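Student: I am new to this structure. Can we go through it by question and answer?

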Amino acid sequence: MHYKAQILDAHEMKRAMTRIAHEILERNKGATDLALVGIHTRGIPLAEQLAQKIAELEGIQVPTGKLDITLYRDDLSEISRQPIIRRTEINFDIGTRKIVLLDDVLFTGRTIRAALDALTDLGRPKSIQLAVMVDRGHRELPIRADYVGKNLPTSKTEVVKVKLAETDGEDVVELWEME
Amino acid sequence: MGNGVKHLLDFQGWTVEAIEGILETADVMKEVLERPVKKVPALQGITVCTAFFENSTRTRTSFELAARRMSADVLTFAAGASSLSKGESLRDTIETLNAYKVDAFIVRHHASGAAHQVARFSGKSTINAGDGRRAHPTQALLDAYTMLKEFGKLEGLKVTIIGDILHSRVARSNAELLSLMGAQVTLCGPATLLPRELARDNVKVTTDIQEAVTGADVVMALRLQQERMNGGFLPSMSEYALTYQVNESLLERAKDHAIVLHPGPMNRDLEISGSLADSARSRIIAQVEYGQAVRMSVLYHLLVGKK
């Protein structure tokens, strides 16, 4: 795999998160019954960043949660390498909340389908919305994001890497090409 | 994370890392069991056969529920209602069941080594749910998980197992697993029920119950297998209870935080006092509860990502 280009730097990523925070507050008329759920792995720090941004803007600490979708993957019985399962930690009643799901990259939509199944097994949220840092296209299911940091048309041989300070030591979005 | 292991027959060939992986995933499964919908689609399309040639309540129900919680289809075979009584062999029974496109066998049998044979006959992933006196690995895993939940680690724990060690596959599997994980195991029972050859690194064998319990973190009482007691192993049941019963006064020698385990089914007031089994020190119900999460984890590790 070789490096092609930097798509967003730390400053641009921060600005994208600020815009998404504004859009979420605008659409939901505030933050009173919101909750943010990050999908393992990079959705979790994104949810934390967004909660912090919303707290700065609105003065409300929105609850956050962690969701692992491994057990809901539609290819789990067919894959050749066993994925590590992480803990799902949602310590609030999701039935009383509008949930915003967070992930780093939206691609085929299969992760989000699994996340919707996993979330609805935990309760019946008032609504579920989706926020992603990058939408790279190539959907295989009728799923779209409500909030997007960067729309990035890609080819299937390209790889989008969202790196975050919490998980990768730096904030940057990069485009790579598979060999 | 795949550990490359297809079967769970005993712990031979298993690494500390692979066992830690199962115990960590059991935590995730425990969380699944606390949800409103206690079911995930992870094993959709997979058929699991519980082939029980010997009676069992908790192991069979626990495995079946674990498989169903993971969305597997479950084929239940119970020897009592089968053609075994007409003379069918183990091999023919397994090959018949295998013809129903089973992906995994969970086997209990009164003969030591039967689970190995099933693995060979079927060619499918096989889990030993207890074979003769030899092994009961998922019981040992759920016991280890119960200790882990209580103490946060296994390394350095002093675990004393008391009773009919000779006939106990639970004692053998626990000694195997816990010593591998760095716990100090003491096996204790009357001389006639205590095979000395089980002694090795981290596993001590003694008839002295007072010494065995002194300073223990975990005290496990084993069921006195009265159906196997026709060989003159014990003078009488009441004498056994007098000398080897796990009760409150014995527990005074253990650490203050010591917990009591029993793999079930219990003979109350024989190998364990009923009051201790019901006390705050008892984790016997927790063992049953954790057993389901541990078995879900075992199914995940053996059946997912191996194609």
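Student: How do the lining residues of the largest pocket divide into nonpolar, polar and charged?
Tutor: The model is a predicted one. Thirty-two, written 32, is the number of residues that line the largest pocket. By class, the lining of the largest pocket divides into 13 nonpolar, 6 polar and 13 charged.

Student: Which element gives the most to the lining of the largest pocket?
Tutor: β4 (98-106), α3 (110-122) and β7 (158-163) of chain A each supply at least two residues of this lining. Nearest the centre of the pocket lie D103(A), D104(A), V105(A), F107(A) and T111(A). The top contribution is 5 residues, and it comes from β7(A).

Student: What volume does the largest pocket have?
Tutor: Rolling a probe the size of a water molecule over the atoms shows where empty space is left. For the largest pocket, that space is about 840 Å³.

Student: And what is the volume of the second largest pocket?
Tutor: The second largest pocket is lined by 23 residues. In chain B, α2 (58-69) and α6 (169-180) each supply at least two of them. The volume is about 460 Å³.

Student: How many residues of each class line the second largest pocket?
Tutor: Nearest the centre lie R108(B), R169(B), R223(B), G264(B) and P265(B). Arg counts as charged, Gly as polar and Pro as nonpolar. Over the whole lining, the count is 4 nonpolar, 11 polar and 8 charged.

Student: Which kind of peptide bond joins G264(B) and P265(B), and what is its omega?
Tutor: P265(B) sits in the loop between β9 (259-261) and α10 (274-277) of chain B. The bond that joins G264(B) to P265(B) is cis, with omega about -15 degrees.

Student: Where does T41(A) lie?
Tutor: The peptide bond from H40(A) to T41(A) is cis, with omega near 5 degrees. T41(A) is placed in the loop between β2 (34-39) and α2 (43-58) of chain A.

Student: What is the phi of H138(A)?
Tutor: H138(A) belongs to the loop between β5 (127-135) and β6 (147-151) of chain A. H138(A) is not a glycine, yet its phi is positive, at about 65 degrees.

Student: Now the helices. Why is α1(B) called oblique to α11(B)?
Tutor: Two packed helices are described by the angle between their axes and the distance between the axes. The axes of α1 (residues 16-32) and α11 (residues 284-303) of chain B come within 8 Å and cross at roughly 120 degrees. Angles from 65 to 115 degrees count as roughly perpendicular and those over 145 as roughly antiparallel. That crossing angle therefore makes α1(B) and α11(B) oblique.

Student: Is the crossing of α1(B) and α11(B) left-handed or right-handed?
Tutor: From α1(B), G21(B), I22(B), T25(B), A26(B), M29(B), K30(B) and V32(B) meet α11(B). Their partners in α11(B) include Y290(B), A293(B) and V294(B). The contact divides into 10 nonpolar, 4 polar and 1 charged residues. The crossing is right-handed.

Student: At what angle do α2(B) and α11(B) pack?
Tutor: The axes of α2(B) and α11(B) are 8 Å apart. The two helices are oblique to each other because of their angle, and their crossing is right-handed. The angle is about 55 degrees.

Student: Which residues of α11(B) make the contact with α2(B)?
Tutor: α2(B) brings R58(B), T59(B), S62(B), F63(B), L65(B), A66(B), A67(B) and R69(B). By class, the contact has 7 nonpolar, 4 polar and 3 charged residues. From α11(B) come V288(B), G291(B), Q292(B), R295(B), M296(B) and L299(B).

Student: How far apart are the axes of α5(B) and α11(B)?
Tutor: α5 (residues 137-151) of chain B passes α11(B) in a right-handed crossing. Among the residues of α5(B) in this contact are T138(B), L141(B) and Y145(B). The contact has 6 nonpolar, 5 polar and 3 charged residues. The packing angle is about 115 degrees, and the axes are apart by 9 Å.

Conventions: Residues numbered from 1 in each chain as written. Chains lettered and ligands numbered in written order. Predicted model: local features only at pLDDT ≥ 70, side-chain atom pairs only at ≥ 80, totals over all residues. Heavy atoms only, no water. Axes fitted to C-alpha atoms, helices over the stretch in contact; angles between N-to-C directions. Helix = DSSP H or I, 4+ residues; strand = E, 2+ residues; numbered from the N terminus. Parallel < 35°, antiparallel > 145°, perpendicular 65-115°, else oblique. Left-handed = near helix turned anticlockwise from the far one by under 90°. Contact = heavy atoms within 4.5 Å. 1 Å grid on protein atoms, 1.4 Å probe; cavity = no way out; pocket = protein on both sides within 12 Å on 5 of 7 lines; lining within 4 Å. Points joined across faces, edges and corners; volume = space filled by probe spheres on them.
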